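Q: Please take a close look at one single part of this structure. How does that part connect to its surroundings, and what lies around it?

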Amino acid sequence: MTLKAGVVGVQGDVSEHAEAVRRAGEAHGRETEVVEIRDSGLAPECDLLVLPGGESTTISRLLRDEGIAAEIVAHVEAGKPVLATCAGLIVAATDAGDDRVRTLDLVDATVERNAFGRQKDSFEAPLAVEGLDEPFPAVFIRAPLIDAVGEGVEVLAEWDGRPVAIRDGPVVATSFHPELTPDSRIHGLAFFENDGVTLPERPTPDQ
Ligand code: GLN
(Lines give C-alpha, C1' and ligand atoms only; values in the text may rest on other atoms or scores of the structure.)
Protein backbone atom coordinates (compact mmCIF):
# COMPACT_ATOMS: atom_id res chain seq x y z
CA MET A 1 0.00 0.00 0.00
CA THR A 2 1.30 3.42 -0.96
CA LEU A 3 1.74 5.63 2.08
CA LYS A 4 0.32 9.12 2.06
CA ALA A 5 2.63 11.72 3.55
CA GLY A 6 1.56 15.28 4.31
CA VAL A 7 4.05 18.13 4.49
CA VAL A 8 2.51 21.11 6.23
CA GLY A 9 3.06 24.05 3.90
CA VAL A 10 1.22 26.96 5.46
CA GLN A 11 4.47 28.92 5.33
CA GLY A 12 7.77 28.38 3.59
CA ASP A 13 9.13 25.81 1.20
CA VAL A 14 8.14 22.19 1.52
CA SER A 15 9.81 20.56 -1.48
CA GLU A 16 13.00 19.46 0.34
CA HIS A 17 10.97 17.63 2.98
CA ALA A 18 8.81 16.02 0.29
CA GLU A 19 11.94 14.74 -1.45
CA ALA A 20 13.46 13.48 1.81
CA VAL A 21 10.27 11.58 2.70
CA ARG A 22 10.22 9.95 -0.75
CA ARG A 23 13.89 8.96 -0.50
CA ALA A 24 13.51 7.59 3.04
CA GLY A 25 10.48 5.58 1.92
CA GLU A 26 12.42 4.18 -1.01
CA ALA A 27 15.29 3.18 1.29
CA HIS A 28 12.76 1.24 3.40
CA GLY A 29 10.91 -0.31 0.47
CA ARG A 30 7.80 1.87 0.87
CA GLU A 31 6.28 3.94 -1.88
CA THR A 32 5.14 7.34 -0.64
CA GLU A 33 2.80 9.86 -2.17
CA VAL A 34 3.40 13.35 -0.79
CA VAL A 35 0.77 16.07 -0.48
CA GLU A 36 1.23 19.64 0.63
CA ILE A 37 -1.08 20.72 3.43
CA ARG A 38 -2.30 24.32 3.34
CA ASP A 39 -5.95 23.75 4.24
CA SER A 40 -7.90 21.58 6.63
CA GLY A 41 -9.26 18.24 5.43
CA LEU A 42 -6.01 16.77 4.05
CA ALA A 43 -4.11 15.84 7.23
CA PRO A 44 -6.74 13.28 8.37
CA GLU A 45 -6.04 11.29 5.16
CA CYS A 46 -2.30 11.13 5.82
CA ASP A 47 -0.32 8.25 7.32
CA LEU A 48 2.56 10.53 8.32
CA LEU A 49 3.11 14.26 8.66
CA VAL A 50 6.03 16.69 8.50
CA LEU A 51 5.93 19.99 10.35
CA PRO A 52 8.71 22.01 8.69
CA GLY A 53 10.73 25.02 9.78
CA GLY A 54 9.99 28.65 9.04
CA GLU A 55 8.74 31.24 11.50
CA SER A 56 7.04 29.61 14.48
CA THR A 57 4.81 32.57 15.39
CA THR A 58 3.40 32.68 11.84
CA ILE A 59 3.11 28.90 11.49
CA SER A 60 1.25 28.49 14.78
CA ARG A 61 -1.20 31.28 13.89
CA LEU A 62 -1.91 29.90 10.41
CA LEU A 63 -2.35 26.35 11.71
CA ARG A 64 -5.08 27.57 14.09
CA ASP A 65 -6.69 29.90 11.52
CA GLU A 66 -6.87 27.15 8.89
CA GLY A 67 -8.16 24.50 11.31
CA ILE A 68 -5.11 22.29 10.72
CA ALA A 69 -3.83 22.42 14.32
CA ALA A 70 -6.58 20.16 15.69
CA GLU A 71 -6.06 17.70 12.83
CA ILE A 72 -2.34 17.36 13.64
CA VAL A 73 -3.15 16.76 17.32
CA ALA A 74 -5.69 14.06 16.36
CA HIS A 75 -3.10 12.44 14.06
CA VAL A 76 -0.63 12.09 16.96
CA GLU A 77 -3.35 10.87 19.33
CA ALA A 78 -4.01 8.09 16.81
CA GLY A 79 -0.35 7.02 17.11
CA LYS A 80 0.62 8.20 13.63
CA PRO A 81 4.11 9.66 13.15
CA VAL A 82 5.16 13.29 12.85
CA LEU A 83 8.58 14.77 12.12
CA ALA A 84 8.80 18.36 13.40
CA THR A 85 11.88 20.38 12.48
CA CYS A 86 13.21 23.71 13.78
CA ALA A 87 10.19 26.07 13.93
CA GLY A 88 8.13 22.86 13.68
CA LEU A 89 9.73 21.70 16.94
CA ILE A 90 8.84 25.04 18.56
CA VAL A 91 5.21 24.70 17.47
CA ALA A 92 5.11 21.03 18.56
CA ALA A 93 6.51 21.73 22.04
CA THR A 94 4.56 22.15 25.26
CA ASP A 95 6.24 25.47 26.05
CA ALA A 96 7.88 27.76 23.48
CA GLY A 97 8.77 30.46 26.00
CA ASP A 98 6.95 32.96 23.76
CA ASP A 99 3.27 33.86 24.11
CA ARG A 100 2.98 34.53 20.38
CA VAL A 101 3.47 30.83 19.68
CA ARG A 102 0.39 28.74 20.44
CA THR A 103 1.97 25.34 20.86
CA LEU A 104 0.39 22.01 19.94
CA ASP A 105 1.76 20.06 22.96
CA LEU A 106 2.88 17.13 20.79
CA VAL A 107 6.25 16.69 22.51
CA ASP A 108 6.80 17.19 26.23
CA ALA A 109 9.55 19.79 25.93
CA THR A 110 10.36 23.38 26.80
CA VAL A 111 12.25 25.20 24.06
CA GLU A 112 14.03 28.50 23.66
CA ARG A 113 13.68 30.22 20.29
CA ASN A 114 16.78 31.56 18.51
CA ALA A 115 18.90 30.26 21.36
CA PHE A 116 22.23 29.97 19.56
CA GLY A 117 24.54 32.98 19.78
CA ARG A 118 24.84 35.38 16.87
CA GLN A 119 27.99 33.96 15.29
CA LYS A 120 26.37 30.56 15.52
CA ASP A 121 23.06 31.72 14.01
CA SER A 122 23.56 29.21 11.23
CA PHE A 123 26.05 26.39 11.08
CA GLU A 124 26.48 22.76 10.05
CA ALA A 125 27.89 20.11 12.36
CA PRO A 126 28.29 16.33 12.27
CA LEU A 127 25.92 15.07 14.93
CA ALA A 128 25.89 11.69 16.67
CA VAL A 129 22.26 10.52 16.63
CA GLU A 130 20.84 7.59 18.58
CA GLY A 131 19.92 4.85 16.09
CA LEU A 132 22.25 6.06 13.29
CA ASP A 133 25.61 4.38 12.67
CA GLU A 134 27.37 7.43 11.25
CA PRO A 135 27.08 11.10 12.30
CA PHE A 136 24.32 13.11 10.64
CA PRO A 137 25.23 16.39 8.84
CA ALA A 138 22.98 18.71 10.86
CA VAL A 139 22.18 22.18 9.51
CA PHE A 140 21.13 24.66 12.22
CA ILE A 141 19.43 27.90 11.06
CA ARG A 142 18.42 30.31 13.84
CA ALA A 143 17.60 27.13 15.67
CA PRO A 144 15.81 26.64 18.96
CA LEU A 145 17.40 24.84 21.89
CA ILE A 146 15.56 22.39 24.07
CA ASP A 147 15.73 23.48 27.71
CA ALA A 148 13.93 20.60 29.38
CA VAL A 149 12.13 17.42 28.43
CA GLY A 150 9.50 15.35 30.23
CA GLU A 151 10.08 11.88 31.63
CA GLY A 152 8.77 9.92 28.65
CA VAL A 153 10.94 11.78 26.15
CA GLU A 154 13.96 10.10 24.59
CA VAL A 155 16.92 12.34 23.73
CA LEU A 156 18.28 11.23 20.33
CA ALA A 157 21.06 13.82 19.96
CA GLU A 158 22.76 16.57 21.94
CA TRP A 159 24.79 19.58 20.95
CA ASP A 160 26.91 21.30 23.63
CA GLY A 161 25.28 19.06 26.23
CA ARG A 162 21.73 20.15 25.30
CA PRO A 163 19.14 18.05 23.45
CA VAL A 164 18.68 18.92 19.75
CA ALA A 165 16.75 15.82 18.64
CA ILE A 166 14.08 14.09 20.71
CA ARG A 167 11.37 11.47 20.41
CA ASP A 168 8.11 11.49 22.31
CA GLY A 169 6.00 8.51 21.23
CA PRO A 170 5.14 8.93 17.54
CA VAL A 171 6.76 12.36 17.28
CA VAL A 172 10.41 13.01 16.41
CA ALA A 173 11.51 16.64 16.69
CA THR A 174 14.81 18.27 15.76
CA SER A 175 16.31 21.74 16.27
CA PHE A 176 18.11 21.37 12.96
CA HIS A 177 16.97 20.95 9.33
CA PRO A 178 17.40 17.30 8.23
CA GLU A 179 15.79 18.08 4.84
CA LEU A 180 18.65 20.35 3.73
CA THR A 181 21.14 17.58 3.02
CA PRO A 182 20.74 14.60 0.68
CA ASP A 183 20.84 12.39 3.79
CA SER A 184 17.31 11.17 4.58
CA ARG A 185 18.16 9.02 7.62
CA ILE A 186 16.33 11.28 10.11
CA HIS A 187 13.15 10.97 8.03
CA GLY A 188 13.80 7.22 8.02
CA LEU A 189 14.12 7.17 11.83
CA ALA A 190 10.96 9.22 12.31
CA PHE A 191 8.74 7.29 9.95
CA PHE A 192 10.09 3.83 9.18
CA GLU A 193 12.23 2.83 12.16
CA ASN A 194 10.07 4.13 14.98
CA ASP A 195 8.53 1.31 17.05
CA GLY A 196 6.15 3.78 18.66
CA VAL A 197 4.19 4.48 15.49
CA THR A 198 1.38 2.93 13.49
CA LEU A 199 1.78 2.73 9.71
CA PRO A 200 -0.43 0.75 7.34
CA GLU A 201 1.06 -2.63 6.47
CA ARG A 202 2.88 -3.35 3.23
CA PRO A 203 0.74 -5.37 0.82
CA THR A 204 1.41 -9.09 0.71
CA PRO A 205 2.66 -10.21 -2.72
CA ASP A 206 -0.64 -11.82 -3.87
CA GLN A 207 -2.77 -8.74 -3.11
N1 GLN B 1 13.92 31.20 14.34
C2 GLN B 1 12.72 30.56 13.87
C3 GLN B 1 11.62 30.64 14.92
O4 GLN B 1 11.90 30.90 16.03
C5 GLN B 1 12.99 29.11 13.54
C6 GLN B 1 14.01 29.04 12.42
C7 GLN B 1 13.83 27.90 11.47
O8 GLN B 1 12.81 27.21 11.41
N9 GLN B 1 14.85 27.73 10.65
O10 GLN B 1 10.48 30.47 14.59
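A: Arg142 is partly exposed, with a relative accessible area of 45%. (Under 20% relative accessible area a residue is called buried and over 50% exposed, with partly exposed in between; the calculation uses a 1.4 Å probe and protein chains only.) This is a predicted model, in which local features need pLDDT of at least 70 and side-chain atom pairs count only at pLDDT 80 or more, while totals for chains, interfaces and linings use all residues. Residues are numbered from 1 along each chain as its sequence is written, and side-chain values use heavy atoms, leaving out hydrogens and water.

Arg142 sits in the loop between strand 7 and strand 8 (145-149). (Helices and strands are DSSP runs numbered from the N terminus: H or I with at least four residues for a helix, E with at least two for a strand.) Apart from neighbours within four places in sequence, Arg142 is in contact with Cys86, Asn114, Asp121 and Ser122, where contact means heavy atoms within 4.5 Å. Arg142 is not a glycine, yet its phi is positive, about 40 degrees. Most residues other than glycine have a negative phi.

Asn114, one of the contacts of Arg142, also has a positive phi, near 45 degrees, and is not a glycine either. Asn114 belongs to the loop between strand 5 (109-112) and strand 6 and is partly exposed at 34% relative accessible area.

Arg142 also appears in a record. An unreviewed UniProt entry lists Gly54, Glu55, Ser56, Arg113, Ile141 and Arg142 under "binding site". (UniProt positions are given in the numbering used here, feature names are shortened, and annotations may be inferred rather than shown by experiment.) The listed residues are spread over 89 residues of sequence but cluster in space, with a largest C-alpha distance of 13.0 Å. Gly54, another of the listed residues, lies in the loop between strand 3 and helix 2 (56-65). With a relative accessible area of 47%, Gly54 is partly exposed. Not counting residues up to four places away in sequence, Gly54 touches Gln11, Ile59 and Ala87.

Next comes Phe140, which is buried at 0% relative accessibility. Beyond four places in sequence, Phe140 is in contact with Phe116, Asp121, Ser122, Phe123, Val164, Ser175 and Phe176. Asp121 and Ser122 are also among the contacts of Arg142.

The whole structure holds 8 aromatic pairs. (Rings of Phe, Tyr and Trp, the last by its six-membered ring, pair if their centres lie within 6.5 Å; planes under 30 degrees apart count as stacked, over 60 as edge-to-face and the rest as tilted.) Phe140 and Trp159 make a tilted pair, 6.2 Å centre to centre with 40 degrees between the planes. Phe140 lies in strand 7 and Trp159 in strand 9, so their pair ties together parts that are 19 residues apart in sequence. Trp159 is partly exposed, at 22%. Both belong to one aromatic cluster, formed by Phe116, Phe123, Phe136, Phe140, Trp159 and Phe176.

Phe140 is also among the residues with the most contacts inside the largest nonpolar core, together with Val129, Phe176 and Phe191; that core has 36 residues. (A nonpolar core is a set of buried Ala, Val, Leu, Ile, Met, Phe, Trp, Tyr and Cys residues joined through side-chain atoms within 4.5 Å.) Among the elements giving two or more residues to this core are strand 1 (3-8), strand 6 (122-127), strand 7 (136-141) and helix 5 (185-191). Helix 5 gives the most, 4 residues. A second, separate core of 34 residues includes Ile37, Val76, Ala84 and Val107.

Strand 3, which precedes the loop of Gly54, belongs to an open sheet of 7 strands in the order 2-1-3-4-11-10-9, with mixed pairing. (Two strands pair if DSSP finds at least two bridges between them.) Strand 2 (32-37) and strand 9 stand at the edges with a single partner strand each, so one side of each has no neighbour in the sheet. Strands 3 and 4 run parallel, joined by 3 bridges, and Leu49 stands opposite Val82 in strand 4. From strand 4, Val82 and Ala84 point one way and Leu83 and Thr85 the other, and all are buried.
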